Amino acid sequence: MGSLVTAFRHETDRLILRDWRGTDWEPFWHATNTPAVMEWLGGVCDDAKRNAAQQRLLSYQTDHGHTFWAVERKEVGAILGFCGLKRCNQAGGPQGEMEVGWRLCEDVWGQGYAKEAAAAALDLAFTRFGAEQVIALTVEPNAPSWGLMKRLGMERREDLDFPNSDFGADRIIVYSIARTDWKGLDG
Ligand SMILES: CC(C)(COP(=O)(O)OP(=O)(O)OC[C@H]1O[C@@H](n2cnc3c(N)ncnc32)[C@H](O)[C@@H]1OP(=O)(O)O)[C@@H](O)C(=O)NCCC(=O)NCCS
């Protein structure tokens, strides 16, 4: 099968979602590998976990043409974290489903950046990447994350929940939105 590697760059009002560059990793981990950001993601990563995560993010782009992209703040050119689309590969989860995800440094929480990036990613899922449905995964205690899912118009899918302790709770909970329910960026 041919490679799906193409340059990706997408602008929103305040952000750029784009391919990872080698120089992004140091500032990305510096900003996001903190106890607060990683609280419901299995905790702060050691070198081995960081390297494995980087390889996964790069391989999603190669294999599927999308990944959890680097999120850059236009105004200052800083990496805030990541947001984007992967195919669900969480053990026990709905394998291969289009999945939206996000992780931003705590300095910028509460300013709508995550919603801005996530809405762009959802729109791309439906308009560019052919998704019929997009899911999102989190754990019950991660209210900021499932709160964002609700603000995006996603609905709780208890039927898709599954046992998995990767995120620090014993169950991963699922939200989803269908193409027919996506109201677009102005919705
Ligand atoms: C989950 C996460 C991305 C949510 O970030 P966030 O900044 O709370 O989410 P949003 O971008 O939607 O911002 C919402 C807040 O910004 C406020 N806001 C300010 N300006 C805004 C604007 N222009 N547009 C929208 N909201 C705005 C909203 O009122 C809301 O405030 P509230 O939380 O006090 O009600 C963030 O908590 C995070 O990175 N967590 C750690 C990583 C993680 O757990 N990832 C998910 C794993 S499943």
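This passage describes the surroundings of the ligand and then the strands that pair around S3 in a predicted model.

The ligand is a convenient place to begin. Its shell consists of 19 residues, and the closest of them are Gly112, Ala114, Lys115, Thr138 and Pro144. Three elements each supply two or more residues to this shell: strand S5 (98–104), helix H3 (113–127) and helix H4 (143–151). Of the contributing elements, H4 gives the most, with 4 residues. In chemical character, the shell around the ligand comprises 10 nonpolar, 6 polar and 3 charged residues.

Attention now turns to strand S3, which spans residues 68–73. Because 5 of its 6 residues are buried, S3 is largely enclosed by the rest of the structure. The strand has pairing partners that can be taken in turn. With strand S2 (residues 15–18), S3 pairs in the antiparallel sense, and 4 bridges connect the two. Within this pairing, Leu15 is found opposite Arg73 in S3.

Strand S4 (residues 78–87) is likewise antiparallel to S3, and 6 bridges join these two strands. Here Trp69 stands opposite Cys83, a residue of S4. The connection between S3 and S4 is a hairpin, with 4 residues lying between the strands. Readers with an eye for backbone torsions may like to look at Gly77 in the turn, where phi is positive, at about 70 degrees.

Taken together, S3 pairs with S2 over 4 bridges and is joined to S4 by 6 bridges, while the shell around the ligand draws on S5, H3 and H4 for two or more residues each.

Definitions and conventions. Residues numbered from 1 in each chain as written. Predicted model: local features only at pLDDT ≥ 70, side-chain atom pairs only at ≥ 80, totals over all residues. Near = placed C-beta within 6 Å. Nonpolar A, V, L, I, M, F, W, Y, C, P; charged D, E, K, R; others polar. Buried ≥ 20, exposed ≤ 12 C-beta atoms within 10 Å, placed from the backbone. Pairing = 2+ DSSP bridges.
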